[in-house]
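Thanks, everyone; I would like to walk through one protein chain this morning, starting with its sheet and ending with a single side chain. Please have the sequence and the structure open while I talk.

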Amino acid sequence: MISRQSRPERGRLSPRWRTTCWLAAAVLAALMLVGVFVTVSSQKEAKVPLILTAADNGRAVDVHLGDDVALRLPENATTGYRWAVDYADANLVDVSEEQPVSTSENMGGGGEAQWSIKTRAAGATSIKLKRWRPWEGESSVVERYEITLRISP
């Protein structure tokens, strides 16, 4: 038989259990903090680039230094009319043309011309494009596109 003096009182934990509970709570709190940090970090890394389209023609867009911007414009290269960069300030942005994407299953069907724009320095710049037949010169321009990027640090 256990004497009444050796049993802990009901509702009270022994010092050993109390220490174990505090240690477990501290470990869980630390793991939760690490989980929050990892979640916030992965959200920053998984940032989706801004995608500009024909609907954005004439707009001014705010972006940050180091941002990637995608530009997609409809084009049917089989007509000879192609989009070309007419102006971009190389001090503020790097513009590189990507492979066109076909949006039609038909032979000779249209698609999208694509560019990748990487911001290099803070400031404001316009990016101008023209859809034309280069061998026919400026008189062949049938459409123009312009977007202003306001790049902040």
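Let me begin with an open sheet of 4 strands, whose order is S1-S3-S6-S5 and whose pairing is mixed; two strands count as paired if DSSP finds at least two bridges between them. At its edges lie strand S1 (50-52) and strand S5 (93-102), each of which pairs on one side only. From one strand to the next the twist averages 25 degrees, where axes are lines fitted to C-alpha atoms and angles run from 0 to 180 degrees between N-to-C directions.

Before going further, I should say that this is a predicted model, in which local features need pLDDT of at least 70 and side-chain atom pairs count only at pLDDT 80 or more, while totals for chains, interfaces and linings use all residues. Residues are numbered from 1 along each chain as its sequence is written, and side-chain values use heavy atoms, with hydrogens and water left out.

Staying at the edge, S1 pairs with strand S3 (residues 68-75) in the parallel sense over 3 bridges, and there isoleucine 51 stands opposite alanine 70 in S3.

Overall, the protein chain has 1 helix and 8 strands, in the pattern α-β-β-β-β-β-β-β-β along the sequence; these are DSSP runs, with helices being H or I of at least four residues and strands being E of at least two, numbered from the N terminus. Buried residues, meaning those under 20% relative accessible area with a 1.4 Å probe and protein chains only, make up 22% of the 153 residues.

Which residues touch the most other members of the largest nonpolar core? Of its 18 residues, they are Leu71, Leu129, Tyr145 and Leu149, and a core here is a set of buried Ala, Val, Leu, Ile, Met, Phe, Trp, Tyr and Cys residues joined through side-chain atoms within 4.5 Å. S8 gives the most to this core, with 4 residues. Tyrosine 145, not counting residues up to four places away in sequence, touches residues including Leu52, Leu71, Trp83 and Leu129, contact meaning heavy atoms within 4.5 Å.

Finally, consider glutamate 75, which is found in strand S3. Is its side chain's residue buried or exposed? Glutamate 75 is buried, with a relative accessible area of 8%. Leaving aside neighbours within four places in sequence, glutamate 75 is in contact with Tyr81, Arg82, Trp83, Gly110, Gly111, Glu112 and Ala113.

Definitions and conventions. Buried < 20%, exposed > 50% of the residue type's maximum accessible area, 1.4 Å probe, protein only.
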